[in-house]
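Hi everyone, thanks for coming. I'd like to walk you through one structure today, so let's put it up on the screen.

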Amino acid sequence: MDGKRYRLTINGFPVEAEFPRREMEQAIDPLIDALLALRGRLSRRAVAFLAGPPGAGKSTLAEVLCARAAERQADARVQTLGLDGFHYPNAYLNETYRTIDGARTRLRDVKGRPETFDVRHFAETLARARTENGVVWPRYDRTTHDVDARGAAVTGDVLLVEGNWLLLDAPGWNEARTLCDCTIALRAPEPVLRKRLLARKMRGGLSRAEAETWYARVDGPNVARFENGGVPADYNLMYTENTLKICRRCV
């Protein structure tokens, strides 16, 4: 392959990501240029949101952008931060019920929906992280399937936050987006997402049947909600004929 290969650890699992030269030149490097230019115009840390449906590859892309920026010896360091650390803890999700789609539903049974995130805590932490040192960003542990408040220190010059609901047009999420300087959307065809999400659930211990049930109840509706309930992004990355392409303000 004439391009770049990255060996990464994503959510505790080894991942190998390959990008042909054309994708590096037409998608990855232009995004890095935009992020670095953004930081150069600000007197504080720059914040970019990378949003996409579950299974789109947001975590992998974010880590590749960080690695590529470091390879280029950029003056500003890009740091990736996940939204998933702002899930409510399982203890809360187990005991809390909401009316969802007309039915009284335990939040643990629909974990991953917007209602299962503490968006206020997310916005408060992000507001501090833009200007303060010593802020700790919580992480999501996919081995315990719960949040870990210990997280990681925010030290980057460009904070690349990735998550499903960063473009959601809804109270709380709209307010959080005012703290962001640039938005990026990552999309992939629904069959690709379904295949990835079933594999993820089975890797986490579910049977095929259980994974299919979870997709029908949670992941599938979340994919549709991302497409139908979001605001436009500044940049869009799309898998078209197995190629990653970038464009501005297009869907």
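Let me begin with a hairpin: strand 7 and strand 8, residues 146–153, pair in the antiparallel sense, and five bridges hold that pairing. Before I go further, please keep in mind that this is a predicted model.

If you want a landmark in the pairing, look for Tyr140, which stands opposite Val147 in strand 8. Now follow the chain through the turn. Four residues lie between the two strands of this hairpin, and His145 takes a positive phi near 55° there.

Next, strand 9. Is strand 9 enclosed by the rest of the structure or not, and why? Strand 9 covers residues 158–163, and six of its six residues are buried, so the rest of the structure largely encloses it. As a reminder, in a regular strand the side chains alternate between the two faces of the sheet. Here both faces are covered: on one side Val158, Leu160 and Glu162 are buried, and on the other side so are Leu159, Val161 and Gly163.

Which strands does strand 9 pair with? One is strand 3, residues 46–51, which runs parallel to strand 9 and is joined to it by six bridges. There, Ala51 has Gly163 as its bridge partner. Another is strand 4, also parallel to strand 9, with five bridges between them. In that pairing, Thr80 is matched with Leu160 of strand 9.

On to the aromatics. The structure holds six aromatic pairs. Let me show you one of them: the ring centres of Phe86 and Trp137 are 5.0 Å apart and the planes meet at 80°, so this pair is edge-to-face. It ties together distant parts of the chain, since Phe86 sits in the loop between strand 4 (78–82) and helix 3 (90–95), while Trp137 belongs to strand 7 (residues 136–141), 51 residues apart. Both partners are buried: Phe86 has 1% relative accessibility, and Trp137 has 3%. Zooming out a little, ring pairs link Phe49, Phe86, Phe122 and Trp137 into a cluster.

Some rings have a charge for company, too. The charged end of Arg104 sits over the ring of Tyr97, at 4.2 Å from the ring centre. Likewise, Arg225 has its charged end over the ring of Trp165, 5.9 Å from the centre.

Those last two residues bring me to another arginine, Arg113, in the loop between strand 6 (103–106) and helix 4 (119–129). Is Arg113 buried or exposed? Arg113 is buried, with a relative accessible area of 10%. Leaving aside residues up to four places away in sequence, Arg113 touches Ile100, Asp101, Trp165, Asn222 and Arg225. So Trp165 and Arg225 turn up again, this time as contacts of Arg113.

Finally, the cysteines. How many disulfides are there? The count comes to zero. To see why, recall that a disulfide needs two cysteine sulfurs within 2.5 Å. For Cys66, the closest cysteine sulfur is in Cys182, 14 Å away, so it is too far for a bond. For Cys180 the closest is again in Cys182, at 6.5 Å, which is also too far for a bond. Cys66 counts as buried at 12% relative accessibility, and Cys180 is buried as well, with a relative accessible area of 13%.

That's my tour. Thanks for listening, and I'm happy to take questions!

Conventions. Residues are numbered from 1 along each chain as its sequence is written. This is a predicted model: local features need pLDDT of at least 70, side-chain atom pairs count only at pLDDT 80 or more; totals for chains, interfaces and linings use all residues. Side-chain values use heavy atoms; hydrogens and water are left out. Buried means under 20% relative accessible area, exposed over 50%, partly exposed in between (1.4 Å probe, protein chains only). Contact means heavy atoms within 4.5 Å. Rings of Phe, Tyr and Trp (its six-membered ring) pair if their centres lie within 6.5 Å; planes under 30 degrees apart count as stacked, over 60 as edge-to-face and the rest as tilted. A charge sits over a ring if NZ of Lys or CZ of Arg is within 6 Å of the ring centre and within 35 degrees of the ring normal. Two strands pair if DSSP finds at least two bridges between them.
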